[in-house]
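Please read this briefing alongside the sequence and the coordinates shown below. It is written for a reader who wants to locate each feature in the structure while going through the text.

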Amino acid sequence: MTFPLTWLYAPGDRPHVVTKALGCGADVVVIDLEDAVAPDRKEYARAATAERLADPQPVPVHVRINALDGPLAGEDLRALASLPGVAGLRLPKVTAPLQITRIAERFPGPLHALLETALGIEHAHAIATAHPALNGIALGEADLKADLGVRDDAGLDWCRSRVVVAARAAGLPPPPQSVHPDTRDLRGLAASCAHGRGLGFLGRSAIHPRQLPIIERAYLPTEQELEEAETVVKAAATDQGAQALPDGRFIDAAVVAAARRTLSLARRA
């Protein structure tokens, strides 16, 4: 199985930006009806998005709907539920599993939960296991930082690891990283991706096309990683259970599964 590495956000009230985003090479385009849209533009954004997604799209398109505890989310669901161009929904500021089940009753496709508050982090595993329709969880770091009063980026590392563990424990794909807000800081983006990869994330959300190749490069395996994965998979083909490689490293089923994922990622290159 190959997981998406790049999720490109585009504001729902700017159809021309959505059109450009669909041709930028992102694995998934996320049309945003929430934070990227001013209150007086919400109705237009919803209508424009519904018009765009009335037909199948060239790449998977997800929609981030408005806050689940407000009136706009219901209107978003009514407009999007039956459209063939909607590949999934991203649900903002999820804090409890009941929110997932309620949305799943009204929307027939895949759901992705964004955890953006302390309460959401505390309930991470319960949210991740709330309903079979939930296909993934991820952080919304800007709001989480504000909620926690965190100033230094490293202050979010515990929350990041919590979400990675919750996703794994729930049998979900590794979560993608949250957006890097400075679209011109490509060196900082690359360093942040390397850090996130070390924590167990896979891929990243983006807010500008120039960020996409940096993210993809950071998450594709290196030549050394590819060679190690090939060695592991080759050794596993002997079907001898847990065993040691010639260099003394011990491998078991979990190591073999990770190696196969590495090979799968390499094929997309």
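The points below are grouped by topic: the sheet, two helix pairs and a loop residue.

The model is a predicted one. Its open sheet is built from 7 strands with parallel pairing, and two helix pairs, α1 with α2 and α9 with α10, are described after the sheet.

**The sheet and the helix across it**

- The strands of the open sheet follow the order β6-β5-β4-β3-β2-β1-β7, and their pairing is parallel.
- The edges are taken by β6 (134–139) and β7 (204–206), each of which has a single partner strand, so one side of each is left without a neighbour in the sheet.
- On average, and with direction ignored, neighbouring strands of this sheet are turned by 25° against each other.
- Within the sheet, strand β3 (residues 61–64) pairs with strand β4 (residues 88–91) in the parallel sense over 3 bridges, and R64 stands opposite R90 in β4.
- Helix α1 lies across β1 (6–11), β2 (28–32) and β3, and runs at about 165° to β1.

**Helices α1 and α2**

- Helix α1 (residues 15–22) packs with helix α2 (residues 42–52) at an angle of about 40°, and their axes are 10 Å apart; α1 and α2 are therefore oblique to each other.
- The crossing in which α1 passes α2 is right-handed.
- From α1, the residues P15, V18, T19 and L22 meet Y44, A48 and R52 of α2, and by class this contact of α1 with α2 has 5 nonpolar, 1 polar and 1 charged residues.

**Helices α9 and α10**

- The axes of α9 and helix α10 (residues 212–219) cross at roughly 35° and come within 9 Å, and α9 passes α10 in a right-handed crossing.
- On the α9 side, L186, L189, A190, C193, G196 and R197 meet I214, I215, A218 and Y219 in α10, and the residues of this contact of α9 with α10 divide into 8 nonpolar, 1 polar and 1 charged.

**A loop residue, P181**

- P181 is found in the loop that lies between α8 (157–169) and α9 (186–199).
- Because exposed means over 50% relative accessible area, P181, with a relative accessibility of 65%, counts as exposed.
- The C-alpha atoms of P181 and E141 are separated by 10.0 Å, although these two residues are 40 residues apart along the chain.

Conventions
Residues are numbered from 1 along each chain as its sequence is written. This is a predicted model: local features need pLDDT of at least 70, side-chain atom pairs count only at pLDDT 80 or more; totals for chains, interfaces and linings use all residues. Side-chain values use heavy atoms; hydrogens and water are left out. Axes are lines fitted to C-alpha atoms, for helices over the stretch in contact, and angles run from 0 to 180 degrees between N-to-C directions. Helices (H or I, at least four residues) and strands (E, at least two) are DSSP runs, numbered from the N terminus. Angles under 35 degrees count as roughly parallel, over 145 as roughly antiparallel, 65 to 115 as roughly perpendicular and the rest as oblique. A crossing is left-handed if the near helix is turned anticlockwise from the far one by less than a right angle, and right-handed if clockwise. Contact means heavy atoms within 4.5 Å. Ala, Val, Leu, Ile, Met, Phe, Trp, Tyr, Cys and Pro count as nonpolar, Asp, Glu, Lys and Arg as charged, and the others, Gly among them, as polar. Buried means under 20% relative accessible area, exposed over 50%, partly exposed in between (1.4 Å probe, protein chains only). Two strands pair if DSSP finds at least two bridges between them.
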